[in-house]
Amino acid sequence: MTVSPRKILNERGLAAHKGLGQNFLADPGTARRLLDRAELPSGMFIVEIGPGLGALTAPLLERGFSVAAVEIDRGLSQYLEEELRPQAPDRLTIYSGDILEMDFRELAGGRASFGVVGNLPYQISSPLLFNLLEARENVSIAVLMFQKELADRLVAGPGDRTYGILSVFLNYYARIERLLDIGPEVFFPRPKVGSTVLRLTFKSSLDPAIKDEEIFKQTVRAGFAQRRKTLKNALSARFAPEMVEAALSAAGIKPDKRAETLTSGDFVRLANAFSTLSFGPGQA
């Protein structure tokens with residue numbers, strides 16, 4: 001049965017805010033199918049991003065999960081407090097605020113391991129993913145809905161024109177699986193594009209290992225900062241040219257290659273080569 005976000009919003013004197021990227025899932029069947037495919041471990045604590053009207057919150061609670069839901073829209077937070085929290089007062093906590101300004105582990109009550117679920121507005125997707133990468137020691141699984149175009153970029157591999165910085169980081173730190181494509185027709189307001197649900201399972205061990213994570217980040221960012229340039233020229237804008245030549249040689253990577261042709265493992269080898277070099281003033 002399809003629910004009517006329009007009716008609920010009208011009754012509460014609320015509205016969908018385009019600036020917040022609000023598109024409410026209106027089909028309970030899609031929500032159930034999403035959670036079926038997510039295969040979240042039983043008993044896992046869940047941090048939910050952007051619960052909206054509770055389309056995913058309600059079935060999460062029905063399946064026995066405890067949820068900390070973060071909603072930036074105060075009107076929707078109040079709706080969830082009144083309509084959903086009484087159904088599971090010991091398992092649902094509503095936080096009103098910006099998820100980009102919050103600490104995931106604090107939201108999870110200091111737990112060492114928890115999951116993250118959410119329907120992400122386009123404008124916060126990239127910064128949110130970087131925050132998740134920072135919290136990956138505690139976030140074991142993230143099941144997230146993105147605009148299809150962005151999801152395609154995230155799962156892209158070397159040689160794909162959409163392959164970029166986030167593709168490299170996510171493929172190194174996590175296993176990425178495409179769970180479900182969802183059409184615009186099950187949302188209100190109806191978006192102009194389709195959505196895709198991805199599951200990120202963060203790796204407990206990394207291969208190859210990174211010697212210096214900060215240098216790894218700098219190497220990837222520098223490589224993609226000027227995509228049309230060869231690696232040698234792109235990296236020379238960040239590192240001393242002689243160090244670039246030495247690092248590329250040590251990593252066994254040809255200097256005329258471009259960043260989008262390298263795997264995440266290639267970038268790790270290159271960053272590790274940089275980390276073994278002596279960085280003088282102004283070189284790093």
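Biologist: Pro208 lies in a loop; between which two elements is this loop found?

Modeller: This is a predicted model, in which local features need pLDDT of at least 70, side-chain atom pairs count only at pLDDT 80 or more, and totals for chains, interfaces and linings use all residues. Residues are numbered from 1 along each chain as its sequence is written, and side-chain values use heavy atoms, with hydrogens and water left out. Helices (H or I, at least four residues) and strands (E, at least two) are DSSP runs numbered from the N terminus. The loop that holds Pro208 lies between strand 9 and helix 9.

Biologist: What is the omega of the peptide bond from Asp207 to Pro208?

Modeller: The bond from Asp207 to Pro208 is cis. A cis peptide bond also joins Phe188 and Pro189, with omega about -10°, and Pro189 is in the loop between strand 8 (187–188) and strand 9. For the bond from Asp207 to Pro208, omega is near 0°.

Biologist: Is Ser195 of strand 9 buried or exposed?

Modeller: Ser195 belongs to strand 9, which covers residues 195–202. Its contacts (heavy atoms within 4.5 Å), with neighbours within four places in sequence left aside, are Met145, Phe146, Gln147, Lys148, Leu180, Asp181, Ile182 and Phe187. The relative accessible area of Ser195 is 10%; the classes, found with a 1.4 Å probe on protein chains only, are buried under 20%, exposed over 50% and partly exposed in between. Ser195 is therefore buried.

Biologist: Phe202 is also found in strand 9; how far is its C-alpha atom from that of Ala259?

Modeller: Phe202 counts as buried, because its relative accessibility is 9%. Beyond four places in sequence, the residues in contact with Phe202 are Leu132, Leu133, Arg136, Val139, Ser140, Ala142, Tyr173 and Ala174. Ala259 is 57 residues from Phe202 along the chain, and their C-alpha atoms are separated by 24 Å.

Biologist: How many of the 9 residues of helix 8 are buried?

Modeller: Helix 8 is mostly covered. Its buried residues are Leu166, Ser167, Val168, Phe169, Leu170, Tyr172 and Tyr173. They pack against several elements, including helix 6, strand 9 and helix 12 (264–275). Of the 9 residues in helix 8, the number buried is 7.

Biologist: Are helix 6 and helix 8 roughly parallel or roughly antiparallel?

Modeller: The axes of helix 6 (residues 122–134) and helix 8 (residues 165–173) come within 11 Å and cross at roughly 30°. Axes are lines fitted to C-alpha atoms, for helices over the stretch in contact, and angles run from 0 to 180 degrees between N-to-C directions. Angles under 35 degrees count as roughly parallel, over 145 as roughly antiparallel, 65 to 115 as roughly perpendicular and the rest as oblique. Helix 6 and helix 8 are therefore roughly parallel.

Biologist: By class, which residues make up the contact of helix 6 with helix 8?

Modeller: Helix 6 contributes Ser126, Leu129, Phe130 and Leu133, while helix 8 contributes Ile165, Leu166, Phe169, Leu170 and Tyr173. Ala, Val, Leu, Ile, Met, Phe, Trp, Tyr, Cys and Pro count as nonpolar, Asp, Glu, Lys and Arg as charged, and the others, Gly among them, as polar. The contact thus has no charged residues, 1 polar and 8 nonpolar.

Biologist: How are helix 8 and helix 12 placed relative to each other?

Modeller: The axes of helix 8 and helix 12 come within 9 Å. Val168, Asn171 and Tyr172 of helix 8 meet Ser264, Phe267 and Val268 of helix 12; these divide into 4 nonpolar, 2 polar and no charged residues. The axes cross at roughly 90°. The two helices are therefore roughly perpendicular.

Biologist: Gly21 is found in the loop between helix 1 (5–12) and strand 1 (24–25); how far apart in space are Gly21 and Pro121?

Modeller: Gly21 counts as partly exposed, because its relative accessibility is 26%. Leaving aside neighbours within four places in sequence, Gly21 is in contact with Pro121 and Gln123. Gly21 and Pro121 are 100 residues apart in sequence, yet from C-alpha to C-alpha the distance is 4.9 Å.

Biologist: What percentage of the residues of the protein chain count as buried?

Modeller: The protein chain has 12 helices and 9 strands, and its C-alpha trace spans about 65 × 40 × 30 Å along its principal axes. Among contacts with a separation of 6 or more, residues 24 or more positions apart account for 70%. Of the 284 residues of the chain, the share that counts as buried is 48%.
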